[in-house]
Amino acid sequence: MKRIVSLRSPRPRAAGTKSVAGPRAGWGAILLALCVGAAPATAAVHTVIIDGMRFVPETVEVKAGDTVVWRNKDPFPHTVASTGPGFASVAIAPQGEWRFEADNPGRYAYLCTLHRTMRGLLIVKRKERACQHRACPN
Ligand SMILES: [Cu+2]
């Protein structure tokens with residue numbers, strides 16, 4: 001399992017300024033350390049195969065931040081485009097693929113704009129928080 005070991009500071013300090021962190025900052029650091037230990041959510045990659053004029057699986061459910069890859073096994077191009085706001089691919093060549101990082105939670109019905117009977121559904125779930133600490137970046 002991959003762990004995020006670097007802690008991102010929310011605001012970069014201006015060069016030359018001294019840290020005026022008090023005892024609260026110390027607690028913050030401890031909480032952050034706990035958060036980092038608490039299994040950071042790793043982004044997954046999901047593959048949808050385009051084969052025989054169908055998206056397989058037809059419905060794919062992912063978490064925000066995950067990547068979806070559409071791989072075209074047909075001998076002619078296809079596209080992937082949400083019917084509402086969301087995403088639209090270029091033509092995906094035979095044996096080619098197109099990837100999309102699903103950042104925004106929602107339900108995205110999509111189709112192939114070249115063969116409009118080809119339909120699929122992408123469901124993007126909200127990312128679970130790794131912990132409830134207020135200072136936690138996860
Ligand atoms: Cu198509």
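Me: How do you know that E1 and E4 pair, and in which sense do they run?
Reply: E1 and E4 are joined by 6 bridges and run parallel. Pairing takes at least two bridges found by DSSP. With 6 bridges, E1 and E4 therefore count as a pair. His-46 has Val-68 as its bridge partner in E4.

Me: What kind of model is this?
Reply: The model is predicted: local features need pLDDT of at least 70 and side-chain atom pairs count only at pLDDT 80 or more, while totals for chains, interfaces and linings use all residues. Residues are numbered from 1 along each chain as its sequence is written. The chain has a mean pLDDT of 81, and 66% of its residues reach 70 or more. pLDDT is the predictor's confidence in each residue, from 0 to 100.

Me: Where does pLDDT stay under 50?
Reply: Over residues 1-22. For that stretch the model has 7 contacts beyond four places in sequence. A contact means two C-beta atoms, placed from the backbone, within 7 Å.

Me: What makes a run of residues a strand here, and how many strands are there?
Reply: Strands are DSSP runs of E with at least two residues; helices are runs of H or I with at least four; both are numbered from the N terminus. The chain comes to 1 helix and 8 strands. The helix stands at the start of the order, and the strands follow it. Strand E5 spans 81-82. Two residues satisfy the minimum, so E5 counts as a strand.

Me: Which strands are the edges of the sheet E2-E1-E4-E6, and why are they called that?
Reply: This open sheet of 4 strands has mixed pairing. Strand E2 (54-56) and strand E6 (97-102) are its edges, as each pairs on one side only. On average, neighbouring strands are turned by 25 degrees against each other, direction ignored. Axes here are lines fitted to C-alpha atoms, for helices over the stretch in contact; angles run from 0 to 180 degrees between N-to-C directions.

Me: What links each edge strand to its neighbour?
Reply: E6 is joined to strand E4 (residues 66-72) by 6 bridges, running antiparallel. Arg-71 has Glu-97 as its partner in E6, and Thr-67 has Glu-101. E2 pairs with E1 over 3 bridges, also in the antiparallel sense. There Asp-51 has Arg-54 as its partner in E2. The hairpin of E1 and E2 has 2 residues between the strands, and Gly-52 takes a positive phi near 60 degrees.

Me: Which strands make the other open sheet, and what holds them together?
Reply: The order is E3-E8-E7-E5, again with mixed pairing. E3 and E8 run parallel, with 5 bridges between them. In E8, Val-124 is the partner of Val-62. E7 and E8 pair in the antiparallel sense over 6 bridges, and Tyr-110 has Gly-120 as its partner in E8. E5 and E7 run antiparallel with 2 bridges. That meets the minimum, so E5 and E7 pair. Ala-81 stands opposite Leu-111 in E7.

Me: What makes the nonpolar core a core, and which elements feed it?
Reply: A nonpolar core is a set of buried Ala, Val, Leu, Ile, Met, Phe, Trp, Tyr and Cys residues joined through C-beta atoms within 7 Å. The largest has 18 residues, and Val-48, Val-68, Trp-70, Val-80, Ala-102 and Leu-122 are those with the most contacts inside it. Elements that give two or more residues include strand E1 (45-51), strand E3 (59-63) and strand E8 (119-125). E6 gives the most, with 3 residues. The covered face of E6 holds Trp-98, Phe-100 and Ala-102; Glu-97, Arg-99 and Glu-101 lie on the uncovered one. In soluble globular proteins, nonpolar side chains tend to be buried together.

Me: What does Val-68 touch?
Reply: Beyond four places in sequence, its contacts include His-46, Val-48, Val-60, Phe-100 and Leu-122.

Me: Is Thr-117 buried or exposed, and how do you know?
Reply: Thr-117 has 8 other C-beta atoms within 10 Å. Buried takes 20 or more, exposed 12 or fewer, and partly exposed lies in between, with C-beta atoms placed from the backbone. Thr-117 is therefore exposed. This residue lies in the loop between E7 and E8. Thr-117 and Arg-54 are 63 residues apart in sequence, but 9.0 Å apart in space, C-alpha to C-alpha.
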